[in-house]
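Work through the following exercises with the sequence and the model side by side. Try each task on your own before you read its solution.

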Amino acid sequence: MPKISDVFHEYGFKDDRLTLLAGPCAIESYETCAEVVEELKKITDELEINYVFKSSFDKANRSSISSDRGAGMEAGLEVLRKIKENYNVPIVTDVHESYQCAPVAEVADVLQIPAFLSRQTDLLLAAAKTGRVVNIKKAQFMAPEDIQSAVDKVASQNKHILVTERGTMFGYHQLVVDMTSLIQMRQTEYPIIFDATHSVQIPSGYGNHSGGNRDYVFPLMRAALSIGIDGIFAEVHPNPPKAISDQDSQLYLSKARPILEEANRLFHQNLENKAVYADEDLL
């Protein structure tokens with residue numbers, strides 16, 4: 001079974017460390033990204049957490065045509081390039097179209113497949129062929145075992161894969177997290193990431209944009225870590241109510257340290273759970 005150290009073999013990530021993919025939802029400016037990465041890198045260095053900076057150059061799946069989508073690919077990649085060079089961190093960002101994969105891979109270390117697009121064969125293959133790590137987010141309409149087909153598409157070209165749980169649709173405007181999915185998705189034999197902030201979204205909750213409940217982020221993160229996962233995905237912003245997207249679900253940068261301290265403690269406490277829940281002798 002590939003481990004974090006295998007997937008991120010170029011970056012010296014260690015399997016006995018929590019992995020964090022985090023940053024602002026969308027690229028609003030270099031200054032905002034720099035403020036977030038500087039603080040998160042300081043915290044993760046001190047806590048010995050594997051860290052990947054995340055931000056999206058285009059929020060292509062916005063509810064409304066009038067919603068701000070971010071910096072765009074050319075300007076956004078330039079921001080990400082500067083962040084990578086100035087702070088020496090790997091980068092993860094979304095790709096929405098097959099043609100984006102090659103130019104994005106020149107900057108990003110991880111190409112992220114948005115949940116809505118996780119069945120798009122051409123996109124998955126284009127991302128895989130870059131040789132970069134591919135983070136596949138399980139669609140909100142997928143059963144946990146259905147993610148295997150998406151994994152197989154990428155694995156036909158590239159074994160550097162992460163699989164991310166981000167909640168499942170439960171009626172209109174409602175997501176739930178089935179914690180057993182984190183166990184079932186382990187059958188893909190690739191590292192499992194829990195998306196703590198998108199899992200608390202209320203899709204199109206305000207009609208023309210999504211809502212969310214930030215209060216649930218920390219409890220769900222604790223539950224996922226207690227089951228035993230490889231990493232956490234979280235969107236973090238200096239002032240979430242003023243962000244251009246996911247205002248109700250992004251974490252406050254000023255509150256990141258205590259959350260990550262507790263997450264790191266739980267990760268190490270439950271490091272063996274990934275093996276325990278698969279132990280037939282205990283069933």
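**Exercise 1. Decide whether Arg 132 is buried, partly exposed or exposed, and find where this residue is placed and what it touches.**

Solution. Begin with the cut-offs: a residue is buried under 20% relative accessible area, exposed over 50% and partly exposed in between, with a 1.4 Å probe and protein chains only. Arg 132 has a relative accessibility of 19% and therefore counts as buried. Next, locate the residue: Arg 132 belongs to the loop between helix 5 and strand 5, where helices (H or I, at least four residues) and strands (E, at least two) are DSSP runs, numbered from the N terminus. Finally, list its contacts, a contact being heavy atoms within 4.5 Å. If residues up to four places away in sequence are not counted, Arg 132 touches, among others, Glu 10, Tyr 11, Asp 109, Leu 111 and His 160.

Before going on, note that the model is predicted, that local features need pLDDT of at least 70 and side-chain atom pairs pLDDT 80 or more, while totals for chains, interfaces and linings use all residues. Residues are numbered from 1 along each chain as its sequence is written, and side-chain values use heavy atoms, with hydrogens and water left out.

**Exercise 2. Describe helix 5: which of its residues are buried, what do they pack against, and what follows the helix?**

Solution. Helix 5 covers residues 121-129, and its buried residues include Leu 123, Leu 124 and Ala 127. As a second step, look at their surroundings: the buried residues of helix 5 pack against helix 4 (101-105), strand 4, strand 5 and helix 6 (147-155). After the helix comes Gly 131, which has a positive phi near 85°.

**Exercise 3. Place strand 4 among its neighbours and say how its two faces are covered.**

Solution. In a regular strand the side chains alternate between the two faces of the sheet. In strand 4 (residues 110-113), Val 110 and Gln 112 lie on one side and Leu 111 and Ile 113 on the other, and all of these are buried, which leaves both faces covered. Turn next to the pairing, for which DSSP must find at least two bridges between two strands. Strand 3 (residues 91-94) pairs with strand 4 in the parallel sense over three bridges, and here Asp 94 has Gln 112 as its bridge partner. Strand 5 (residues 133-137) also runs parallel to strand 4, and four bridges join the two, with Ile 113 standing opposite Ile 136. The chain passes from strand 4 through helix 5 to strand 5 in a right-handed β-α-β crossover, meaning that, with the strands pointing away from the viewer, the path from the first strand over the helix to the second runs clockwise.

**Exercise 4. Classify the aromatic pair of Tyr 11 and Phe 13, and compare the accessibility classes of the two residues.**

Solution. Rings of Phe, Tyr and Trp (its six-membered ring) pair if their centres lie within 6.5 Å; planes under 30 degrees apart count as stacked, over 60 as edge-to-face and the rest as tilted. The structure holds three aromatic pairs. In one of them, Tyr 11 and Phe 13 are 6.3 Å apart from centre to centre with 55° between the planes, and the pair is tilted. Tyr 11, at 25% relative accessibility, counts as partly exposed, whereas Phe 13, with a relative accessible area of 9%, is buried. Together with Phe 8, Tyr 11 and Phe 13 form one aromatic cluster.
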